[in-house]
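Visitor: Please take me through the terms used for this entry, and show how each one is justified.

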Amino acid sequence: MQNELYMENKNIKYYLLTGGAGFIGANFVKHMLKAHSDIKIIVLDALTYAGNLGTLKEDLKNDSLIFVKGDICDSKVTNKIFEDYNIDYLVNFAAESHVDRSIENPQIFLQTNILGTQNLLDTAKKFWTVGKDENGYPIYRDGVKYLQVSTDEVYGSLGDTGYFLETTPLDPNSPYSASKTGADLIVKAYAETFKMPVNTTRCSNNYGPYHFPEKLIPLIIKNILEGKKLPVYGDGSNVRDWLYVEDHCKAIDLVLHKGRIGEIYNVGGHNEKQNIEIVKLTIATIRRLMEQNHSYQQVLKPGHPGIGFINDDMITFVKDRLGHDQRYAIDPQKISKELGWLPETKFEDGIVKTITWYLENQGWVEEVTSGDYQNYYKQMYENR
Ligand code: NAD
Ligand code: TYD
């Protein structure tokens, strides 16, 4: 049926987006549905604790979006998708993505992030191959591409100065970043050994709507609304380079359609901030928004002592993360010069948009934290 549709309209492009029910993947689905016509998106997602179909509820009303529940490591599932749909682009967002969880339980990170990536590459290679050249290298159907969504964490940690370039040696420190590095190297191996058409993007820390509240910014927002302490690891001096998620989505779209085959592109917006600055800014912004618009105060959870209590005294410095990377900072000159990408959302605007979204979408937060979240929080933060 789907192949018939494809035959009817050759202009339709088929996108397989893995991990499309997670934070960045879901934002990318929304971006693509807005930015392009003549597309069909197939989201493959295992719906782990980090994936939530509710995030795509409105989008799934659109005929252009199809959801398949399944594991990227499962070749039966990935083969079936390629049999059913004439996939043109595969963008791999699916991953175990939280550093703290990778410290508690590394194995699933290697399983999903490395073996899952390898299975996706293998499936795409099989279905995209249309012949062999005289040296035995596969020849691929015109226009197909695999894009690996990677992270700046593969470069390891910086001191006070310097930036990550695409040529910076890979030097990961956490089980999460080591597994993402393993995935990047497998992608490189398929590009070299099988001449697969691939790109890799390495982005800095994202923030924005639909971010699961185990990560710094949404966790701090959630705790402020609940009147809980705000846990800052170590002395709060660690630096991250924050990018609004929509800007990341636009960069991926650009690399997918215009990026030179085989290239790696770093994505980041020169927006370095210490964690303590982020936490203080989040406190001040919530308080200001609630003072300006009193109806937001209704979002405070029962028993909350009120907005007078929302101040820096909520901060508590807790035991540092093991192997905590000190500083990440991206130099995005390659993607800017080659593809004309520039971040569009200034941090001061992006953080207000993000916090406003959380104040107005507490139902989403409650839905995604209704499962194992309380146990996770206890295990990670009680007695820390
Ligand atoms: P996320 O944890 O919010 O979402 C991951 C998604 O992948 C979830 O929907 C989950 O259900 C799905 N998933 C997990 N294991 C799966 C499996 N085995 N099979 C199928 N689906 C599976 O992560 P995110 O923050 O949206 O990150 C997306 C990608 O971007 C990841 O590859 C991550 O490494 C990368 N990245 C993230 C950031 C960031 O700041 N969040 C920055 C740079 C790169
Ligand atoms: P996080 O959002 O987990 O992203 P990443 O580890 O991939 O950069 O953390 C961002 C920074 O915030 C990182 O330096 C760890 C720190 N952090 C805290 O201080 N407290 C917290 O509760 C969390 C989750 C993170």
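Guide: One place to begin is D45, which is buried yet has no salt bridge; K69, the nearest side chain of opposite charge, is 8.1 Å away. This is a predicted model, in which local features need pLDDT of at least 70, side-chain atom pairs count only at pLDDT 80 or more, and totals for chains, interfaces and linings use all residues. Residues are numbered from 1 along each chain as its sequence is written, and side-chain values use heavy atoms, with hydrogens and water left out.

Visitor: Why is D45 said to have no salt bridge?

Guide: A salt bridge is a side-chain nitrogen of Lys or Arg within 4 Å of a carboxyl oxygen of Asp or Glu. K69 is 8.1 Å away, so D45 has none.

Visitor: What does the side chain of D45 reach at 2.9 Å?

Guide: That side chain reaches the backbone nitrogen of A21 at 2.9 Å, and the backbone nitrogen of L47 at 2.7 Å. Both are polar contacts (N or O atoms within 3.5 Å; within protein, one must be able to donate a hydrogen and the other to accept it, and residues adjacent in sequence count only if both atoms are side-chain atoms).

Visitor: Why is C249 in no disulfide?

Guide: A disulfide is a pair of cysteine sulfur atoms within 2.5 Å, and by this rule the count is zero. For C249, the nearest cysteine sulfur, that of C203, is 9.2 Å away, so the pair does not qualify.

Visitor: What makes C249 buried?

Guide: Buried means under 20% relative accessible area, exposed over 50%, partly exposed in between (1.4 Å probe, protein chains only). C249 has 0%, and is therefore buried, whereas C73, with 22%, is partly exposed.

Methods: Chains are lettered from A and ligands numbered from 1 in the order in which they are written. Lys and Arg count as positive and Asp and Glu as negative; His and the chain ends are not counted.
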